Amino acid sequence: MAKVAPIGRRKADHIKINLEQDVHSGLTSGLERYHFVHEALPELDLEAVDTTLNLFGKKLNAPILISSMTGGTEEAKSINRRLAEAAQTVGVAMGVGSQRAALENPDLAETFSIARKVAPDILLFSNLGAVQLNYGYTIDQCRRAVDMLQADALILHLNPLQEAVQVGGDTNFAGLAKKIERVCNKIEVPVIVKEVGWGISERTAKLLAECGVSAIDVAGAGGTSWSQVEMHRAPDEFTRQLAATFVGWGIPTAESILNIKNALPEMTIFASGGIKDGLDIAKCLALGATLGGMAGQFLKAAALSSEKAVELMQLTKRQIQVTMFGSGVDNLDFLGNDQLAEI
Ligand SMILES: Cc1cc2nc3c(=O)[nH]c(=O)nc-3n(C[C@H](O)[C@H](O)[C@H](O)COP(=O)(O)O)c2cc1C
């Protein structure tokens, strides 16, 4: 039986594999099926097009989220520092990766809390795997994760397939909804639930709404595929073939946004999974999302420098602004499916 890698080693593998290998899903995000109706006479001044919004008590300069990624190693600390510096400069939201490593070894807390230290004003999200609530975690660990970052909200991630295709994964997802509900009822900050790249169905969205979550991040298929990441980490041929089977699995991001919009018209939706740029984020917003997140793209920029991360965020923000200008919309509240056409 192959041995289970310790958390620190797993986190280092995740960064290395994401930077060096092709870990794309076999599916696309579905956003390519939509385009904006071009308005040749927008009757707007580009510089007056407003990309700001307020969310969970914080002001953002653009509806951009650096999706939850990392922490737990020295390299991860440096990536979190660069991402957070860039988020503070540009005024966007950020999530850190699963904080389990730091809950189990408090010496690692700084690899996560560095984000708040360098970015005192940003909308910042804590992160834990929801399944840990079936492996001994309670509201206490959730609170400690939030306190570690002075986070504005807690993200619980759902990754059943990733756990299922790795050696020693935490695969008992039974009875989890009740435990998520308990966290939502007791914790002092909003709870957001996200996938990690396979999307959210209507059925799951309704279940999460019953639990009392404040927002759902679809993290749909079309970008980073965690079965592909696990395939590259597989210690034996059996595990490699098992993981490789699921390259085309999941609900594409665009479809997942529409699933939630249909099931729960009032739910706050974050969109992520295979988002390439600000034009894709604007499409997600027009389909019903409030924020658009990118993981893999920001990781690659931050692996180079904070300046590269700032450049990418500023470009993404400008892409959203120009998209709104070209569609005749000067405020995010007016970005809706009236501006979109399906190809
Ligand atoms: C290196 C790396 C580490 C990640 N770690 C986490 C994590 O700890 N918690 C989590 O909720 N999602 C994690 N994700 C998933 C992302 O937040 C995101 O949902 C997913 O990668 C899809 O976005 P993308 O297609 O833009 O990469 C990670 C992604 C990457 C690339």
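Where is threonine 52 found? Threonine 52 sits in the loop between strand E1, residues 34–36, and strand E2, residues 53–55, and I will start from that position before moving inward. I should say at once that what we are looking at is a predicted model, and that everything I quote is computed from it.

Threonine 52 is exposed, because only 12 other C-beta atoms lie within 10 Å, and 12 or fewer is the cut-off for that class. Leaving aside residues up to four places away in sequence, threonine 52 touches Lys59, Leu60 and Asn61. As a sense of scale, the C-alpha atoms of threonine 52 and threonine 138, which are 86 residues apart along the chain, are separated by 36 Å.

Now the overall picture. The protein contains 14 helices and 12 strands, and its C-alpha atoms fill a box of roughly 65 × 40 × 40 Å when that box is taken along the principal axes. For 343 residues, a compact globule would have a radius of gyration near 20 Å, and the 19 Å found for this protein agrees with that. Of those 343 residues, 51% count as buried. If we take the contacts with a separation of 6 or more, 79% of them are between residues 24 or more positions apart.

Let me turn to strand E6, residues 124–129. Is E6 enclosed or open to the outside? Since 6 of its 6 residues are buried, E6 is largely enclosed by the rest of the structure. Both of its faces are covered, with Leu124, Ser126 and Leu128 buried on one side, and Phe125, Asn127 and Gly129 buried on the other. E6 runs parallel to strand E5, residues 93–95, to which it is joined by 2 bridges, and within that pairing glycine 95 has phenylalanine 125 as its bridge partner. E6 is also joined to strand E7, residues 153–157, in this case by 5 bridges and again in parallel, with asparagine 127 partnered by isoleucine 155. Between E6 and E7 comes helix H5, residues 139–149, and the three elements make a right-handed β-α-β unit.

A second such unit involves strand E11. Strand E10, residues 268–272, helix H12, residues 278–287, and E11 make a right-handed β-α-β unit, in which E10 and E11 pair in the parallel sense over 3 bridges, and phenylalanine 270 has leucine 291 as its bridge partner. E11 itself, residues 291–294, is covered on both faces, with Leu291 and Gly293 buried on one side and Gly292 and Met294 buried on the other. Strand E4, residues 64–66, is likewise joined to E11 by 3 bridges and runs parallel to it, and there the bridge partner of isoleucine 64 is glycine 292.

E11 also takes part in covering helix H13, residues 296–304. The buried residues of H13 are Gln297, Phe298, Leu299, Ala301 and Ala302, and what covers them includes, besides E11, the helices H1, H2 and H14 and the strand E4.

That brings me to the ligand, since H13 and helix H1, residues 7–20, each supply at least two residues of the shell around it. The largest share, 3 residues, comes from H1. In total, 25 residues surround the ligand, and the closest are Gly97, His157, Gly223, Thr224 and Ala295. What is the chemical make-up of that shell? The residues divide into 8 nonpolar, 16 polar and 1 charged.

I will finish with two backbone details. Most residues other than glycine have a negative phi. Against that background, phenylalanine 56 has a positive phi, near 45°, and alanine 219 has a positive phi as well, near 35°. Phenylalanine 56 lies in the loop between E2 and strand E3, residues 58–60, whereas alanine 219 lies in the loop between strand E9, residues 215–217, and helix H9, residues 226–233. Which burial class does each one fall into? Phenylalanine 56 is partly exposed, because the 18 other C-beta atoms within 10 Å fall short of the 20 needed to count as buried, while alanine 219 is buried, because 32 other C-beta atoms lie within 10 Å.

Notes:
Residues numbered from 1 in each chain as written. Predicted model: local features only at pLDDT ≥ 70, side-chain atom pairs only at ≥ 80, totals over all residues. Near = placed C-beta within 6 Å. Helix = DSSP H or I, 4+ residues; strand = E, 2+ residues; numbered from the N terminus. Nonpolar A, V, L, I, M, F, W, Y, C, P; charged D, E, K, R; others polar. Rg over C-alpha atoms; globule rule 2.2 N^0.38 Å. Contact = placed C-beta atoms within 7 Å. Pairing = 2+ DSSP bridges. Right-handed = clockwise from strand over helix to strand, strands pointing away.
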